[in-house]
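Student: Could you walk me through this model, one question at a time?
Tutor: Happy to; have a look at it first.

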Amino acid sequence: MHPDTQLVQACLRGDSASQRLLYERYKSPMFRICLRYGGSKQDAEDFLQDGFVRVFKDLQQYRMEGPLGAWIRKVVINSILQQLRKRRIVYSDTELSDLEGLHMTEEDIPGNLDAEILTRYIQALPDGYRTVFNMFVIEGFTHQEIAEALSINVGTSKSQLSKARGMLRSWLATIHSPESI
Amino acid sequence: MKPQEEEIDRLVRQRLLDADQSASDWDLPSEQVWVSIDNRIHDKKRDRGAIWWVFAGLLVLSVSIMLLFQLSEPAALPSANTQVGIAEISQSPVFTKEASADVQSTSSELSSELSMIPKDQVNTASQSTLSPEVPRSTNDIKQLSSQLTGIANSTIPLVVSPAIIENEGNISGTENTADQNSNAESESLLINTERKNASRTSVDVAYLDSEMFFLTLEETPFSQVEALPMIAVPQHNAWSLAVSISPSLGTRRIVVPNAQPRVRRNLLLQQEEPAVQLGFGVSAMHELTARWSIEGGVEYSRFLLNSSSTHQIRYSRIGEIQNAQGNFENRFRLNLNTSYGELNTDVVVERSSDSQMEEHQFINLALQTKQSMQVLRIPVSARYNIPLGSSQASCYAGLSANVLIENSLEFRAVQSLDSEIIQVSTMRNARLSSYKDFAFGYQFGVEFEVPLYRRMSILFGPSVNGYLQPVYQNRQVLIYPLMADMNVGVRYRL
């Protein structure tokens with residue numbers, strides 16, 4: 001039997017305690033995803049709220065075949081992308097040539113730059129850059145998949161990713177301490 | 001350049017994935033996220049579930065009442081073999097006879113007797129025997145009986161609808177014995193009925209001696225005749241009027257089609273009491289066939305809904321003044337996008353002078369709201385009628401036009417949940433917007449009809465009425481009231 005079978009079945013019966021348990025179990029990793037896609041913590045909480053509402057609504061579609069966490073992650077990301085599509089983000093194609101010349105290696109990223117600070121940098125990216133960067137770099141989507149998911153051109157996706165990288169490199173290159181953020 | 005670009009991707013990914021393995025508190029959402037999720041995943045179920053449970057309960061209640069009526073019917077209606085009425089068509093003294101003879105033997109007697117009747121009279125009698133050409137009034141019976149004059153001690157079975165007797169007002173529910181009427185000098189026709197279990201009766205017309213008649217009503221097996229309900233007017237193409245009151249319980253179905261998180265964020269918690277509605281209406285029904293009828297009317301209803309909610313608002317110390325008690329007081333205009341509408345009200349917040357509060361801080365504002373709507377409904381429905389002995393059940397469904405006459409909201413701030421805040425109060429009632437003056441709705445339900453007196457009958461039964469179009473709509477929220485009603489009324493058949 002799948003380890004999450006009982007929990008899922010209890011959630012499907014509408015048991016509030018089980019729903020809460022499922023939420024508590026997965027809220028932290030899902031919230032990190034939401035933080036990367038949202039421009040702020042409040043945006044991320046909204047994404048998380050919508051994502052888990054979608055999870056509980058679609059839970060009967062979970063076939064108990066793969067890990068529950070992976071399925072929830074997929075649902076939450078789809079929910080985030082749906083919300084982002086509604087926001088009608090403008091994906092500007094203007095070039096940021098001055099940022100493209102910056103190169104970065106692991107040594108260039110401060111050792112004390114933890115995930116929280118890195119996430120804040122990602123949050124600070126413009127909406128379009130941030131969305132494409134997350135989808136390509138973290139989730140592993142291809143440019144073709146990103147283009148279809150966001151209803152944009154493949155070229156626009158590549159351009160947004162390039163600009164996101166450039167902007168991140170420029171910021172990280174000037175970091176001296178986390179307090180400077 | 002390409003490998004270096006990929007390197008930064010790998011570095012960022014690695015740092016973030018490493019963080020997934022470590023516990024920290026920066027990536028924990030606030031407790032309110034779960035509160036909102038819980039509200040959203042359970043509200044819809046509660047809304048739908050509550051309505052159907054109320055409807056099912058009212059249906060059970062209605063069926064129980066109906067059964068009580070059915071069980072008590074023999075006591076309420078004339079008992080078997082009771083002479084219950086006098087038709088004023090005979091000038092002869094009334095003669096009584098014990099209840100009916102066997103239909104088959106009567107028919108055989110009829111055959112022999114008919115041979116003695118002149119041809120034109122036989123035709124009339126035969127037509128009457130072979131329903132559906134049944135006598136439609138006591139005048140018809142009188143005319144028929146006059147054709148039988150001269151046939152002594154004969155019994156002619158007729159099939160007569162009880163409605164004839166009802167329409168002519170002959171069955172009054174009072175018992176009349178032969179002795180009581182034996183001295184009657186007016187023309188009279190004694191009717192002897194078997195009402196128990198009678199879905200349709202045959203009438204034996206007996207001509208006795210010179211000019212004396214009596215009728216006995218016998219039960220005829222249901223399978224052999226067309227069923228006629230015993231309620232006052234079973235004929236088709238009949239009109240009836242009804243008045244009814246409809247106490248209702250219900251809720252509002254809230255739909256957020258294009259969720260705008262920024263708007264929903266300020267609503268932390270909302271608890272609604274069941275909506276209560278009281279309606280009063282009049283309606284007219286037209287029977288198209290024995291089973292189908294159409295009904296239309298108008299109903300005035302008042303909808304009341306109490307609720308409490310907690311909103312998160314951004315409080316600014318800018319503009320604070322110190323009042324006579326030494327506390328800081330701030331007045332500001334509050335615009336809230338709630339599920340009742342876009343509220344616009346003035347709020348006063350008071351805090352103690354020694355309370356610690358940042359220049360800009362979120363505070364929780366607890367509100368109590370009382371909404372009142374007056375609605376004029378114009379329902380039209382199709383009905384399918386099912387005879388139940390002497391009563392009737394109807395299933396109906398239809399559409400309604402709903403006109404919003406008045407909409408008001410009492411909006412009151414209560415004690416804040418924040419320890420820094422001493423008091424929060426509203427200066428004036430909220431202004432509501434985005435409510436629609438007109439919306440189409442639907443209704444369906446079950447109605448039981450029990451004879452009460454002559455052409456009047458009692459109506460009762462549950463129904464559900466809701467809105468096809470939202471009564472309130474803005475960019476974020478659509479609201480559809482959904483009510484389970486218990487309709488009680490009286491119908492008068494014209």
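Student: Which residues of α9(A) are buried?
Tutor: This is a predicted model, in which local features need pLDDT of at least 70, side-chain atom pairs count only at pLDDT 80 or more, and totals for chains, interfaces and linings use all residues. Residues are numbered from 1 along each chain as its sequence is written, while chains are lettered from A and ligands numbered from 1 in the order in which they are written. A residue is buried if 20 or more other C-beta atoms, placed from the backbone, lie within 10 Å of its own. For α9(A), a helix (a DSSP run of H or I, at least four residues, numbered from the N terminus), that gives A:S157, A:S159, A:Q160, A:L161, A:K163, A:A164, A:R165, A:G166, A:M167, A:L168, A:R169 and A:L172.

Student: How far apart are the end C-alpha atoms of helix α9 of chain A?
Tutor: The expected span is 1.5 Å times one less than the number of residues. Helix α9 has 20 residues (154–173), so it should span 28 Å, and this agrees with its end C-alpha atoms, which are 29 Å apart.

Student: Which element gives the largest share of the largest nonpolar core?
Tutor: Such a core is a set of buried Ala, Val, Leu, Ile, Met, Phe, Trp, Tyr and Cys residues joined through C-beta atoms within 7 Å. This one has 27 residues, and A:C34 is among those touching the most other members. Two or more residues each come from α2 (16–37), α3 (41–58) and α4 (68–86) of chain A and α2 (31–76) of chain B. The largest share, 9 residues, is from α4(A).

Terms used. Buried ≥ 20, exposed ≤ 12 C-beta atoms within 10 Å, placed from the backbone.
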